[in-house]
Amino acid sequence: MAANNNSDPILDEGGGGGVKHEAAGEAGEGKGGGGGAAATQAPAAMLPRSGSRPQLDLSGAAIHGNLEDRNPTILLPNQSDDISHLALDIGGSLIKLVYFSRHAEHSSEDKRKLSTKRRLGMLNGGRRSYPVLGGRLHFVKFETGKLNECLDFISSKQLHRGGVDSPSWCSGAQPDNIVIKATGGGAFKYADLFKERLGVSLEKEDEMDCLVAGANFLLKSIRHEAFTHMDGQKEYVQIDQNDLFPFLLVNVGSGVSIIKVDGHGKFQRVSGTNVGGGTYWGLGRLMTKCKSFDELLELSQRGDNSTIDMLVGDIYGGLDYSKIGLSASTIASSFGKTISDDKELSDYRPEDISLSLLRMISYNIGQISYLNALRYGLKRIFFGGFFIRGHAYTMDTISFAVNFWSKGEAKAMFLRHEGFLGALGAFMSYEKHGLDDLRIHHLVERFPMGAPYISWMEKFVQKGTQITAPVPVGFPVTTGMGGFERPTAKGDILRSDASAALNVGVLHLVPTLDVFPLLEDPKMYEPNTIDLDLNEYKYWFKILSDHLPDLVDKAVASEGGTDDAKRRGDAFAHAFSAHLARLMEEPAAYGKFGLANLLELREECLREFQFVDAYVSIKQRENEASLAVLPDLLMELDSMNEEARLLALIEGVLAANIFDWGSRACIDDFDMFKKRMLADKKGQPYKRALLFVDNSGADVVLGMIPLARELLRNGTEVVLVANSLPALNDVTANELPGIVAEAAKHCGILRKAAEAGGLIFDAMAGIQDDLKDEPVSVPLMVVENGCGSPCIDFRQVSSELAAAAKDADLLILEGMGRSLHTNLNARFKCDTLKLAMVKNQRLAEKLFNGNIYDCICKFEPVHLT
Ligand SMILES: Nc1ncnc2c1ncn2[C@@H]1O[C@H](COP(=O)(O)OP(=O)(O)OP(=O)(O)O)[C@@H](O)[C@H]1O
Ligand SMILES: CC(C)(CO)[C@@H](O)C(=O)NCCC(=O)O
Ligand SMILES: [Mn+2]
């Protein structure tokens, strides 16, 4: 087996010698289609109209355009009309914006895709060239007091008339006719101002309708939306769609609305309280002179409320009042201690004041919520509104109150999009938007640093300031209520809004994604093999940080090493480091994050800074080197008997002769696989095999392609499944046809099959035809997987792959990313072979009690499972 140097230098621990390094450890789940430079503001279009809004027609949608494009986009062939794209929730304290952006690019289907689709029966009827659309939902907020900033933002992005760079096909807006959906009191209060400043009319939507619609959408469509927060522990809750209603929705904005929700559009506002977020911020500002809400909240983290609150112990001479279940440390009376002291406001620490206030208001809200839940026999209470602010201590306090008063019967849950419920609901209210019809697998959330990142980073640099990673803050010293002696909520990180976060990403709407139809149990499927606990996180953060300089060098080189590329490389490094720091502080900040997500984040971050393909030249070099030795390999293979050849092929895929390396196979089902394969000969070959390929170079050329050739020789159709977008040195679906065509120059079997599969058109002209008389071959095809990461999440794959899977009876997953980090434990409805060399000592020990360079050859025939 030939040497392979196309290692993933990023994560491989060991290496060198003749061992093939495959992309070790790099995972992630780039979902194609929507991916790309989220930094760029997508042009969107809006044709003004007075009455109802047109529907976003997603039928027949497809990922479209050059797969290697920065902004792979979605084709909505039947989307003939325009879509609305901005909605507002103007509250007493904050303005929330939800807006849709899309890209307009024109490109045509390439031949490979068209012929594959034809073969997979995906083309029905003729098609013509349409504008290419990709859609994203963005979430932004402003202080209501700074309404002008909000108007400037809308105006600078031209959100009210379709976005900057509106393509020509959507021009023709009649500015005086533009209508924007808005909810919250400000929709009434500021309607004239919007008309005056932006020339738009606000179409008012009921606030409660919107809150409920937003909450219902999030609970239905976002996988990691709701979570519990108790004793500093955040845990995402799997929402069962069939068992969602009824629930209590408590929106803690300036004031608090308490809504009993019975279904979609079925609800009743059952209560409310005027003691809410405005109360905390208002009183806190008066009493502490804080300049911002976040400053006030941060103060609380260093506070000790026992200097201000009157505790049961203060009244009972240090004793508990155990008869009624109150410990000495329970707050008997918020702020009660200040009555007896001969002190002025200035004698109290602002930190202590802030904490007392926060606890008073949070407990009160928790208690009132519980009472309302009790009133209607509800067990689940979802809390939204920006008072929550993703703040651990606030959530712990509310949860404590709910748990305490309900004696564990009721559960407090929080929503990651907490403050955006109303705005989302207003967005949904555009008549028949289509958003309702999107399913969970159509949505991919990404966490770009935002377009202005480079510019504001440069501002920081000019000022000699580093981009600050979030500042961790310590535990507040507090006393508690009934056993809540010392809340364990970790000091939470409060980030300035400039650094985007809010724990809310950009929601990519990718209607072309599908659940992989061969998953045995999609509901139970979990792509990540290992849960990232804090230790795992630390380990991966170190690896990723250590390799960052090397990656940046490669990325910059891939873009010609220009000054601009260097600048972007720098920005990328800053941004990715900031992500790592953020996640290190709060691993669940972006939802439940596995290794796959972490590694995808890195790829997405590269794309955000317009690094299209950091490994492009490395991949090319390795492909060429491998193709040069392919003829010799094929000759050698052909001189073997079938049994020996199969072993050589599998070993080839697993990279080199494992015995030479003193390695062993920690899972070795080769004999079982061989038995099945040789039985093929007796008339039952696999009908169609999907080969999930990994790296460029030797991995694909000398490993997977020869294996594909063997299957083809046996009469099995082969579909090579490759990434939609580049990730490290992984081969992409766009690159594969060229590689296969080169390989086919040396091999008639490959050539016939590639021709049959539409991979070779006229590239083969002039090649001597030595197989003229052979029968037409089974096809060799290439499909994209919908991902731009080294891992694969089978809940969200391209529709092309889903279609190819329909007739498949063999899956071969290759490489650590796709068969170890993810999917090692995944079960499929057909025979599956998982092949990987474990190039990570820690993983080898953890998963198999093995060693680095051990191999897995895991065969899971379906009749045995
Ligand atoms: N940056 C911020 N500035 C001001 N308040 C903030 C900020 N971040 C969080 N908050 C808190 O969030 C509250 C506002 O939450 P939210 O935006 O959900 O309500 P609202 O819509 O403005 O109010 P209402 O619905 O009662 O009209 C504030 O009162 C404050 O407690
Ligand atoms: C008035 C609203 C609905 C405006 O969002 C909100 O601030 C609120 O619910 N306040 C509480 C009012 C009450 O006491 O029910
Ligand atoms: Mn509100």
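I will go through the surroundings of the two ligands, and then through one sheet and its hairpin. Please keep in mind throughout that this is a predicted model.

Let me start with ligand 1, which is surrounded by 20 residues, the closest of them being G91, G253, S254, G277 and F386. If we sort that shell by class, we count 12 polar residues, six nonpolar ones and two charged ones. As for where these residues come from, helix 6, spanning residues 277-288, contributes the largest share, namely four residues. In terms of domains, at least three residues of the shell around ligand 1 come from domain 1 (34-202 + 419-437), and at least three come from domain 2 (223-416 + 473-497).

Turning now to ligand 2, the residues around it include G91, G92, G185 and E207, then the run G253, S254, G255, V256 and S257, and finally G272, T273 and N274. The class count for this shell is 10 polar, one nonpolar and one charged. Where does ligand 2 lie with respect to domain 1 and domain 2? Both domain 1 (34-202 + 419-437) and domain 2 (223-416 + 473-497) give residues to the shell around ligand 2, and therefore ligand 2 lies between them. Among the elements that supply this shell, strand 12 (256-263) and strand 13 (266-273) each provide at least two residues.

Those two strands lead us to the sheet, because they belong to an open arrangement of seven strands with mixed pairing, whose order is 10-9-17-16-11-12-13. Strand 10 (233-236) and strand 13 are the edge strands, each of them pairing on one side only. On average, and with direction ignored, neighbouring strands of this sheet are turned by 30 degrees against each other.

At the strand 10 edge, strand 9, which covers residues 226-230, pairs with strand 10 in the antiparallel sense over four bridges. Within this pairing, T228 stands opposite E235 in strand 10. Strand 9 and strand 10 form a hairpin with two residues between them, and D231, which sits in the turn, has a positive phi of about 50 degrees.

Definitions and conventions
Residues numbered from 1 in each chain as written. Chains lettered and ligands numbered in written order. Predicted model: local features only at pLDDT ≥ 70, side-chain atom pairs only at ≥ 80, totals over all residues. Near = placed C-beta within 6 Å. Nonpolar A, V, L, I, M, F, W, Y, C, P; charged D, E, K, R; others polar. Domains from an automatic or database assignment. Pairing = 2+ DSSP bridges. Axes fitted to C-alpha atoms, helices over the stretch in contact; angles between N-to-C directions.
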